[in-house]
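Okay, thanks for having me, everyone. I'll put the structure up and then walk you through how the parts pack together.

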Amino acid sequence: MYSKLNDIALADLLKKGDSAAFSMIYTRHRGLLYIYACKIVKDFDLAEDLVQEVFISIWDKRETIDFKTSISSYLYSAVRYKFFDFVDKQKVKSDYVQSLQLFLDKGEFLTDDYIAERELAALIEGEIARLPKKMREIFELSRQMNLKNTQIAEKLGLSEKTVRNQLSLAIKTLRSKLPMSTFVLLFFHR
């Protein structure tokens with residue numbers, strides 16, 4: 001009985017939730033729609049998926065769907081729009097994957113830098129901690145607090161010459177204990 005109905009009659013029955021009318025629309029249009037989708041996407045599986053999504057969408061919207069001209073025109077347009085939607089999603093997915101990869105690459109790089117920096121800081125702090133107490137105090141006031149020799153001498157009640165000598169000894173000691181690149185960064189980056 002349904003095979004004898006035209007598309008307009010089937011569309012009216014579809015709007016009322018008639019699943020047999022939907023099946024007839026599917027049977028009548030699926031083959032040509034699949035061929036059309038294959039021409040657009042050049043991928044048989046993707047073409048099949050697009051056609052299936054169109055029909056699923058029609059069933060979901062059956063009560064509100066409006067076939068302005070004909071069911072076939074609507075279906076061909078729907079396949080095109082599904083394809084455009086697919087392309088947009090692929091672009092977004094591709095952009096997301098690129099963004100995620102960049103983040104992972106950069107994140108790993110930043111993590112490696114952070115770990116190296118922490119290890120270097122621990123090495124420097126360890127060597128500074130091994131300096132004799134007064135020498136360490138003078139060194140820390142000079143390099144970490146950025147005080148001038150005269151300020152350190154005044155603060156600690158020492159002569160400026162003693163401060164200079166203690167700093168010189170601290171630098172010699174640390175130079176012998178630290179790798180040259182670390183030493184250069186530590187002492188000449190002020």
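Let's go straight to the inside. This is a predicted model, and its largest nonpolar core holds 25 residues, with Phe-55, Ile-58 and Leu-75 touching the most other members. So who builds that core? Helix 1 (7–15), helix 2 (19–41), helix 3 (44–60) and helix 4 (71–129) are the elements that give two or more residues to it. Helix 2 is the top contributor, with 8 residues.

Have a look at Phe-55 for a second. Not counting residues up to four places away in sequence, Phe-55 touches Phe-22, Ile-25, Tyr-26, His-29, Arg-30, Leu-33 and Leu-75. And there's a second core, separate from that one: it has 14 residues, and Ile-124, Ile-152, Leu-167 and Leu-174 are among them. As general background, nonpolar side chains in soluble globular proteins tend to be buried together.

Let me step back to the whole chain. What is the count of helices and strands? It's 8 helices and 0 strands, so reading from the N terminus you just get α-α-α-α-α-α-α-α, because runs of that kind are what we number as elements. Of the 190 residues in the protein, 27% are buried. And if you take contacts between residues at least 6 apart in sequence, 53% of those join residues at least 24 apart.

Here's one residue I like, Val-79. You'll find Val-79 in helix 4. Is Val-79 buried or exposed? It's buried, because its relative accessible area is 0% and the cut-off for buried is under 20%. Leaving aside neighbours within four places in sequence, the contacts of Val-79 are Leu-33, Tyr-36, Ala-37, Ile-40 and Val-54. Take Val-54 from that list: Val-79 and Val-54 are 25 residues apart in sequence, yet C-alpha to C-alpha they sit 6.4 Å apart in space.

For contrast, go to Lys-42, in the loop between helix 2 and helix 3. Lys-42 has a relative accessible area of 69%, so it counts as exposed. The backbone is worth a glance too: phi of Lys-42 is near 60°, which is a positive value in a residue other than glycine. Most residues other than glycine have a negative phi.

Now the helix packing further along the chain. In general, you describe two packed helices by the angle between their axes and the distance between the axes. Start with helix 6 (residues 149–156) and helix 7 (residues 160–177): their axes come within 8 Å and cross at roughly 110°. That puts helix 6 roughly perpendicular to helix 7, because 65 to 115 degrees counts as roughly perpendicular. The crossing of helix 6 and helix 7 is right-handed. On the helix 6 side you have Asn-149, Thr-150, Ile-152 and Ala-153, and they meet Glu-160, Val-163, Arg-164 and Leu-167 in helix 7. By class, that contact has 4 nonpolar, 2 polar and 2 charged residues.

Helix 7 also packs on helix 5 (residues 133–143), where the axes come within 9 Å and cross at roughly 95°. Helix 5 and helix 7 are therefore roughly perpendicular to each other. Helix 5 puts in Lys-134, Met-135, Ile-138, Phe-139, Ser-142 and Arg-143, while helix 7 brings Val-163, Gln-166, Leu-167, Leu-169, Ala-170, Ile-171 and Leu-174. That contact divides into 9 nonpolar, 2 polar and 2 charged residues.

That's my tour, thanks.

Note on methods: Residues numbered from 1 in each chain as written. Predicted model: local features only at pLDDT ≥ 70, side-chain atom pairs only at ≥ 80, totals over all residues. Heavy atoms only, no water. Axes fitted to C-alpha atoms, helices over the stretch in contact; angles between N-to-C directions. Helix = DSSP H or I, 4+ residues; strand = E, 2+ residues; numbered from the N terminus. Parallel < 35°, antiparallel > 145°, perpendicular 65-115°, else oblique. Left-handed = near helix turned anticlockwise from the far one by under 90°. Contact = heavy atoms within 4.5 Å. Nonpolar A, V, L, I, M, F, W, Y, C, P; charged D, E, K, R; others polar. Core = buried A, V, L, I, M, F, W, Y, C linked by side-chain atoms within 4.5 Å. Buried < 20%, exposed > 50% of the residue type's maximum accessible area, 1.4 Å probe, protein only.
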